[in-house]
Amino acid sequence: MSKQRVLSGMRPTGRLHIGHYHGALKNWVRLQDEMACFFFVADWHALTTAYDDVQVIENSVWDMVIDWLAAGVDPEKATVFIQSRLPQHAELHVLLSMMTPLGWLERVPTYKDQQEKLSGKDLATYGFLGYPLLQSADILLYQANHVPVGEDQVPHIEFTREVARRFNHLFGREPGFEDKAKAALKKLGGKRDKLYLELRTRYQQEGDKEALAQGRALIAESQSLANADRERLYGYFDGSGKQILTEPGALLTEASRVVGLDGQKMSKSYGNTIMMREEPEALAKKIKTMPTDTNRVRRTDPGDPARCPVWNFHQVYSSPETREWVQAGCRSAGIGCIECKQPVIDAMVAEQAPMHERAMKYVQNPKLVREVVEHGNERARKVAEETMQDVRAAMGLAYS
Ligand code: TRP
Ligand code: SF4
């Protein structure tokens, strides 16, 4: 069975901070060993909100890719590319737009939320309304099975599933589909065609999800099938026809527990970040000057870690023993805040050392980053183009 596919993207909006690392990149690095991963720079998505400040995008793209590589994304394992270098993303977006009901887009919660949040900017644009559909195109182009995202993005993945389903329903019926599916069924061999039909009935008549899962596994496991036949059997099973686009699932990344220097969400706009690649001295200074429990005015005043943003960092970076030492020492005024901060500084510096090291060759030789992405673009293009050929054919656009 071929490897499951993973796709995820980030908008280039500046250098990445440790919230990005703990919230997303660490997970990407883990996934690249298990599945076929596609990670891309969503520069068009960045344009939907930064259309009046395009310089930011241009300045951020390469730094962001270097941050990915610094985190341990390995271009030998994962495909790293840039959205705008593959016009297939735009092509699929426009084709999907023909069949996507306007109401679906208007109802995506981020549409209104973001407009309210970024009220200083006119986001009543065509591009911004289409943001989730462009994201669907990103995902469906690579037939991704899994999309690692934070909770805020889950509605976009659900939306993508609906778009894929609608597309398959509208365009997935090839002439003679039933006969072809039945012929494919014979090729399953053994008694598996009988089992398939039983499971199919259970799913179609009773909506039995377990039967659906078993049916899918049965099809996936049968080695004797050609790809087209396998897809027909998937489609015949759930009544959707030939499956042209794969319905993805969200791989929910646990929300990053890293908060900012001031205890709020870590974000560039709050000025409370620690970058992934800080100079050790600058990093130490940021921690040393960060606020602590405001009740600890003097060294002799006892404190409460629950009221202190430094404690948040201990929860991410410190061992149980160190955390115990903080709890006891803070509450009894047995330790001072400077003392308490040192293990955090040490752990952060240690975490970033290999990042600096991995980034160094790219920083010193920017041509190398360009090459990584060039290579990734080519790999991505092959996969994207395969999907587009099916899509064009299904939509009656493959004239010769
Ligand atoms: N919308 C995503 C974000 O803001 C970025 C993104 C664009 C994305 N296309 C994607 C994420 C496709 C996952 C898959 O974080
Ligand atoms: Fe915060 Fe540590 Fe100071 Fe307590 S001792 S207030 S946890 S920095």
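Where does ligand 2 sit? In this predicted model, ligand 2 is placed in the largest cavity. Around that ligand are Thr-292, Asp-293, Arg-296, Cys-308, Val-310, Val-326, Cys-330, Cys-337 and Cys-340. Two elements, helix H16 (320-331) and helix H17 (337-364), each give two or more residues to the shell around ligand 2. Sorted by class, this shell consists of six nonpolar residues, one polar residue and two charged residues.

**The chain as a whole**

The chain has 400 residues, of which 48% are buried, and its secondary structure amounts to 18 helices and five strands. Taken along the principal axes, the C-alpha trace extends over about 85 × 45 × 40 Å.

**The site of ligand 1**

The shell around ligand 1 holds 14 residues, and those that come nearest are Arg-11, Tyr-131, Gln-135, Asp-138 and Gln-153. For three of these residues, the table gives the distance between a polar side-chain atom and an atom of the ligand.

| Residue | Atom of ligand 1 | Distance |
|---|---|---|
| Arg-11 | oxygen | 3.1 Å |
| Tyr-131 | nitrogen | 2.7 Å |
| Gln-135 | nitrogen | 3.1 Å |

In the case of Gln-135, the side-chain partner of the ligand nitrogen is an N or O atom. Taken alone, ligand 1 would expose 360 Å², and the protein buries 91% of that area. The elements that contribute two or more residues to the shell around ligand 1 are strand S1 (5-10), helix H8 (131-141) and strand S4 (146-149). Which of the elements gives the most to the shell around ligand 1? Helix H8 does, with four residues. By class, the shell around ligand 1 divides into seven nonpolar, five polar and two charged residues.

**Loops beside the ligand-shell elements**

Two of the helices named above are each followed by a loop that holds a residue with a positive phi. Gln-143 is found in the loop that runs between H8 and S4, two elements that each give two or more residues to the shell around ligand 1. The phi of Gln-143 is near 50°, a positive value in a residue other than glycine. Is Gln-143 buried or exposed? Because its relative accessibility is 16%, and the cut-off for a buried residue is under 20%, Gln-143 counts as buried.

Ala-333 occupies the loop between H16 and H17, the two helices that each give two or more residues to the shell around ligand 2. Its backbone also has a positive phi, near 60°, in a residue other than glycine. With a relative accessibility of 15%, Ala-333 is under the 20% cut-off and therefore counts as buried.

**Met-35 and strand S1**

Met-35 has its place in the loop between helix H1 (18-31) and strand S2 (36-41). The relative accessible area of Met-35 is 15%, so this residue is buried as well. Along the chain, Met-35 and Leu-7 are 28 residues apart, and their C-alpha atoms are separated by 10.0 Å. Leu-7 falls within the range of strand S1 (5-10), one of the elements that give two or more residues to the shell around ligand 1.

Technical notes
Residues are numbered from 1 along each chain as its sequence is written. Chains are lettered from A and ligands numbered from 1 in the order in which they are written. This is a predicted model: local features need pLDDT of at least 70, side-chain atom pairs count only at pLDDT 80 or more; totals for chains, interfaces and linings use all residues. Side-chain values use heavy atoms; hydrogens and water are left out. A residue is near a molecule or strand if one of its heavy atoms lies within 4 Å of it. A polar contact is a pair of N or O atoms within 3.5 Å; within protein, one must be able to donate a hydrogen and the other to accept it, and residues adjacent in sequence count only if both atoms are side-chain atoms. Accessible areas come from the Shrake-Rupley method with a 1.4 Å probe; for residues, only the protein chains shown count as cover. Ala, Val, Leu, Ile, Met, Phe, Trp, Tyr, Cys and Pro count as nonpolar, Asp, Glu, Lys and Arg as charged, and the others, Gly among them, as polar. On a 1 Å grid over the protein atoms alone, a cavity is a set of points where a 1.4 Å probe fits but cannot get out, and a pocket is an open set with protein on both sides within 12 Å along at least five of seven lines; lining residues have an atom within 4 Å of a point. A molecule sits in a cavity or pocket if more than half of its atoms lie within 2 Å of its grid points. Buried means under 20% relative accessible area, exposed over 50%, partly exposed in between (1.4 Å probe, protein chains only).
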